[in-house]
Amino acid sequence: MIDPAQDSLGGLPNKRQVAASFSRAAGSYDSVAALQRQVGQRLLAALPASINPARWLDLGCGTGYFSRVLAERFPSSAGLALDIAEGMLQHARPLGGAQQFIAGDAEQLPLRDAMCDLLFSSLALQWCANFPAVLSEARRVLRPGGVLAFSSLCVGTLQELRDSWQAVDGFVHVNRFRRFEDYQRVCDDSTLTLLSLHVTPQTLHFPDVRSLTHELKALGAHNLNPGRPGGLTGRARMLALLSAYEQFRQPQGLPATYQVVYGVLQKEIS
């Protein structure tokens, strides 16, 4: 087994920062969440064809978009939606989809043992520093034969932005993520059966850097790392960033590449 401390990302922002940032973004999130919806739809397509859960959990539900999708896909099922950001839950709750909306942490789920047949988590678990704890909690909450399907982000995400900032100064400006090899190792060492795990790059294009940084802020996913520079970014540094990023320009615009991890695991049938 992996020592959880070895998987812990010391550079990850603390959970209060994450919760506060996404709470603030609740009202703007859906307007700029095209990538998040594409990734979630791909994750749905990766579910075992035979799955028909009596109860599912949307883990890191955000605005509840996929809670509503899951409710439509499994109309006879009971649904739970959980997020660490209370602002997201306040936004999602009136829109329905799940029977219960719960404030909670994926590393310590406030749920009883063996109560769900499906844990669906799209683009949320990259914020969890202790991924072995996430898988352990998933196993505890799943019924025998239950499935955890997740998408997350790994190293290489927003590499163009990271490299451009590196050319400007030595500060941390882009969120850190674990390596794909770490996802592989933790999944292999878990007591869940790994059905599939792969990484797929997905690139968005923007007319300019400000459009990209505006979208990240609207998503609540702008730079939250310890070590980030305080105060306003100086004009000279911003101009240097714009110049550095222009070297990546493609005919479609400035690229922003996300390295998306897709995983499906199953609890053994006892």
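These legends accompany several close-up views of a predicted model.

**View 1. The whole protein, as a setting for the close-ups.**
Before zooming in, here is the overall picture of this predicted structure. The protein has 270 residues, and 54% of them are buried. Its secondary structure comprises 11 helices and seven strands. Among contacts with a separation of 6 or more, 79% join residues that are 24 or more positions apart. The accessible surface is about 12,000 Å², and carbon and sulfur atoms supply 51% of that area.

**View 2. Phe-131 and Phe-150, an aromatic pair between a helix and a strand.**
Searching the whole structure turns up seven aromatic pairs. In the one shown here, Phe-131 meets Phe-150 edge-to-face, with 5.5 Å between ring centres and 65° between the planes. Phe-131 belongs to helix α7 (residues 131-141) and Phe-150 to strand β5 (residues 142-153), so this pair ties together parts that lie 19 residues apart in sequence. Both Phe-131 and Phe-150 are buried.

**View 3. Tyr-245 and Phe-248, a second edge-to-face pair.**
Here the ring centres of Tyr-245 and Phe-248 are 5.9 Å apart. Their planes stand at 80°, and because an angle over 60 degrees counts as edge-to-face, the pair is classed that way. Are the two partners buried or partly exposed? Tyr-245 is buried, with a relative accessible area of 1%, whereas Phe-248 is partly exposed at 28%.

**View 4. Helix α11, with its buried face.**
Tyr-245 from the previous view is one of the buried residues of α11, along with Leu-241, Leu-242 and Ala-244. Looking down the helix axis, you will find the buried residues within an arc of 165°, so they line one face of α11. Arg-235 and Ala-236, on the other side of the helix, are exposed. The helix itself covers residues 235-246, which is 12 residues. From first C-alpha to last, α11 reaches 17 Å, close to the 16 Å expected at 1.5 Å a residue.

**View 5. Aromatic neighbours: a cluster of rings and a charge over a ring.**
Take a look at Tyr-65, Phe-66 and Phe-120, which ring pairs link into a cluster. A second panel turns to Arg-178, which lies over the face of Tyr-183. The distance from Arg-178 to the ring centre of Tyr-183 is 5.2 Å.

**View 6. His-173, in a loop between two helices.**
His-173 sits in the loop that runs between α8 (159-166) and α9 (180-189). Although His-173 is in a loop, His-173 counts as buried, at 11% relative accessibility. Arg-162 is 7.0 Å from His-173, C-alpha to C-alpha, and the two are 11 residues apart in sequence.

**View 7. Ala-114 and Leu-123, two residues with positive phi.**
Most residues other than glycine have a negative phi. Which phi does Ala-114 have? The value for Ala-114 is positive, near 50°. Leu-123 also has a positive phi, near 55°. Ala-114 is located in the loop between β3 (100-103) and β4 (116-122), while Leu-123 is located in the loop between β4 and α7. As for accessibility, Ala-114 is partly exposed at 34%, and Leu-123 is buried at 13%.

Note on methods. Residues numbered from 1 in each chain as written. Predicted model: local features only at pLDDT ≥ 70, side-chain atom pairs only at ≥ 80, totals over all residues. Heavy atoms only, no water. Phe/Tyr/Trp six-rings, centres within 6.5 Å; stacked < 30°, edge-to-face > 60°. Helix = DSSP H or I, 4+ residues; strand = E, 2+ residues; numbered from the N terminus. Buried < 20%, exposed > 50% of the residue type's maximum accessible area, 1.4 Å probe, protein only. Lys NZ or Arg CZ within 6 Å of the ring centre and 35° of its normal. Contact = heavy atoms within 4.5 Å. Areas by Shrake-Rupley, 256 points an atom, 1.4 Å probe, with all protein chains shown as cover. Expected span 1.5 Å × (residues − 1). Arc of directions from axis to C-beta.
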